[in-house]
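Reader: I should like to work through this structure step by step. Where might we begin?

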Amino acid sequence: MTTQYSTVIVFGPTGDVGSIAALEASKRGAKVWLAMRDPSKNIDGITKVQEQQGSFHRIQADLTNAESVKSAVQQSGAKAAYLYRVNGMEDSIQAMKDAGIEYVVFLSTSVILPSQDIRQIPQSDVIAYLHAKIEIALENASIAHTALRPAFFAGNVLRDLDRSKWPWEARVVHAHWPSDCIAPRDIGRVAGSVLVDRPSSTSKEIIYLAGPQLITSIEQWNIIKKVTGQTIEIVQLGPEEYTQELVSKGFAPPIVKDLVRYKGEVEIESFYPEQFYKEWVANTKKYSGYESTTFEEYIRARGLA
Ligand SMILES: NC(=O)c1ccc[n+]([C@@H]2O[C@H](COP(=O)([O-])OP(=O)(O)OC[C@H]3O[C@@H](n4cnc5c(N)ncnc54)[C@H](OP(=O)(O)O)[C@@H]3O)[C@@H](O)[C@H]2O)c1
């Protein structure tokens with residue numbers, strides 16, 4: 001028999017995935033504690049009306065401050081938590097356990113491949129290594145958890161848009177590299193569903209998630225142009241130039257370098273293994289009950305205002 005949690009805590013409810021996870025948990029009848037670094041902050045993904053109508057309660061907590069995490073969990077009485085990876089959060093994992101959390105839904109990543117041992121990932125695989133560190137910390141603290149391992153977010157492509165030029169420019173690297181473009185809404189719906197309705201009683205469940213179509217960035221930009229009616233010029237950059245541009249926009253250099261490396265060096269078949277890809281797409285419906293969002297639907301809903 002699986003467990004159902006009537007009170008849950010969501011760390012990072014302002015996030016694209018966290019906000020939807022909180023909403024879905026509320027729809028499923030749970031009392032939802034919204035644990036925020038700044039509890040006065042606006043939550044774009046949850047309207048004021050939704051917040052008032054659901055059973056939501058805001059509380060202060062910073063994942064890099066174990067005492068704040070312990071206190072938030074104790075006040076909430078929650079036994080289940082949703083978590084993002086942030087640098088320096090390891091002490092907070094044990095603090096959660098000490099405060100009564102018995103089950104976590106952790107937003108990990110599909111760059112930890114199904115065949116990989118999380119304890120053997122080299123530090124040079126930065127993105128996989130950093131997420132694996134949190135999965136290991138959860139295992140070491142003996143907290144049962146569901147590791148959600150989504151592939152590439154639909155919104156990633158929009159980082160490449162430069163609106164300071166006219167016409168707008170899409171400044172892309174490895175333009176023919178296909179990605180699955182999973183909508184954060186789909187991930188959030190799965191996260192909120194499995195947060196309230198724990199899918200199994202095993203100590204660790206891994207759920208890979210992927211968007212319904214593999215499309216290159218050129219194809220993604222063609223869809224964006226069609227939906228928005230905008231003229232957007234595609235400018236193809238080399239890996240160095242692209243890395244510098246993203247870093248200058250504030251993205252962490254090791255993460256950007258790793259992302260560019262994946263696109264340039266790693267076989268697409270390793271990211272979307274043929275024997276698993278369909279199952280990863282089907283997991284959205286399987287665990288949340290909702291159909292997957294296509295890239296075009298994502299862009300229509302998001303707009304480019
Ligand atoms: N992009 C991809 O293709 C991809 C693929 C697989 C997995 N992922 C994972 O997904 C994550 C991004 O998800 P997203 O788009 O939903 O993120 P997001 O919209 O950027 O939201 C991040 C959330 O984390 C919260 N946060 C940051 N530092 C915190 C701290 N110290 N304590 C508590 N909360 C903190 C933020 O709260 P504030 O409002 O306080 O800032 C915000 O709510 C990535 O970081 C990665 O781990 C991404």
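Author: A polar contact is a pair of N or O atoms within 3.5 Å. The model before us is predicted, and the ligand is a suitable place to apply this definition.

Reader: How far does a polar side-chain atom of Asp62 lie from a nitrogen atom of the ligand?

Author: The pair to consider is a polar side-chain atom of Asp62 and a nitrogen atom of the ligand. A polar contact requires a separation within 3.5 Å. For Asp62, the separation is 2.8 Å.

Reader: Which residue has a polar backbone atom 2.8 Å from a nitrogen atom of the ligand?

Author: Here the protein partner is a backbone atom, whereas Asp62 uses a side-chain atom. A backbone N or O atom of Gly12 also has a partner in the ligand, but that partner is an oxygen atom, at 3.2 Å. The residue whose polar backbone atom is 2.8 Å from a ligand nitrogen is Leu63.

Reader: How many residues surround the ligand?

Author: The closest residues are Thr14, Arg37, Lys41, Tyr84 and His131. The number of residues surrounding the ligand is 22.

Reader: Let us turn to the helices. Are α3 and α4 roughly parallel or roughly antiparallel?

Author: Two packed helices are described by the angle between their axes and the distance between the axes. Helix α3 (residues 66-76) and helix α4 (residues 90-99) have axes 8 Å apart, at an angle of about 25°. Angles under 35 degrees count as roughly parallel. Therefore α3 and α4 are roughly parallel.

Reader: How many nonpolar residues does the contact of α3 with α4 have?

Author: From α3, the residues Ala66, Val69, Lys70, Val73 and Gln74 meet Asp91, Ser92, Ala95, Met96 and Ala99 of α4. Of the residues in this contact, 2 are polar and 2 are charged. The number of nonpolar residues is 6.

Reader: What is the handedness of the crossing of α6 and α11?

Author: The axes of helix α6 (residues 184-196) and helix α11 (residues 274-288) come within 9 Å and cross at roughly 40°. The two helices are therefore oblique to each other. The crossing of α6 and α11 is left-handed.

Reader: How many polar residues are in the contact of α6 with α11?

Author: On the α6 side the contact is made by Asp186, Arg189, Val190, Ser193 and Val194, and on the α11 side by Asn283, Thr284, Tyr287 and Ser288. By class, 3 of the contact residues are nonpolar and 2 are charged. The number of polar residues is 4.

Reader: How are α7 and α12 oriented to each other?

Author: Helix α7 (residues 217-228) packs against helix α12 (residues 295-302) with axes 10 Å apart and at an angle of about 45°. Their crossing is right-handed. By the angle, α7 and α12 are therefore oblique.

Reader: Which peptide bond is cis?

Author: The omega of this bond is near -5°. One of its residues, Pro167, lies in the loop between β7 (161-162) and β8 (168-172). The cis peptide bond runs from Trp166 to Pro167.

Reader: Which residue has a positive phi although it is not a glycine?

Author: Its position is the loop between α5 (126-140) and β6 (144-150). Its phi is about 55°. The residue is Ser142.

Note on methods: Residues are numbered from 1 along each chain as its sequence is written. This is a predicted model: local features need pLDDT of at least 70, side-chain atom pairs count only at pLDDT 80 or more; totals for chains, interfaces and linings use all residues. Side-chain values use heavy atoms; hydrogens and water are left out. Axes are lines fitted to C-alpha atoms, for helices over the stretch in contact, and angles run from 0 to 180 degrees between N-to-C directions. Helices (H or I, at least four residues) and strands (E, at least two) are DSSP runs, numbered from the N terminus. Angles under 35 degrees count as roughly parallel, over 145 as roughly antiparallel, 65 to 115 as roughly perpendicular and the rest as oblique. A crossing is left-handed if the near helix is turned anticlockwise from the far one by less than a right angle, and right-handed if clockwise. A residue is near a molecule or strand if one of its heavy atoms lies within 4 Å of it. A polar contact is a pair of N or O atoms within 3.5 Å; within protein, one must be able to donate a hydrogen and the other to accept it, and residues adjacent in sequence count only if both atoms are side-chain atoms. Contact means heavy atoms within 4.5 Å. Ala, Val, Leu, Ile, Met, Phe, Trp, Tyr, Cys and Pro count as nonpolar, Asp, Glu, Lys and Arg as charged, and the others, Gly among them, as polar.
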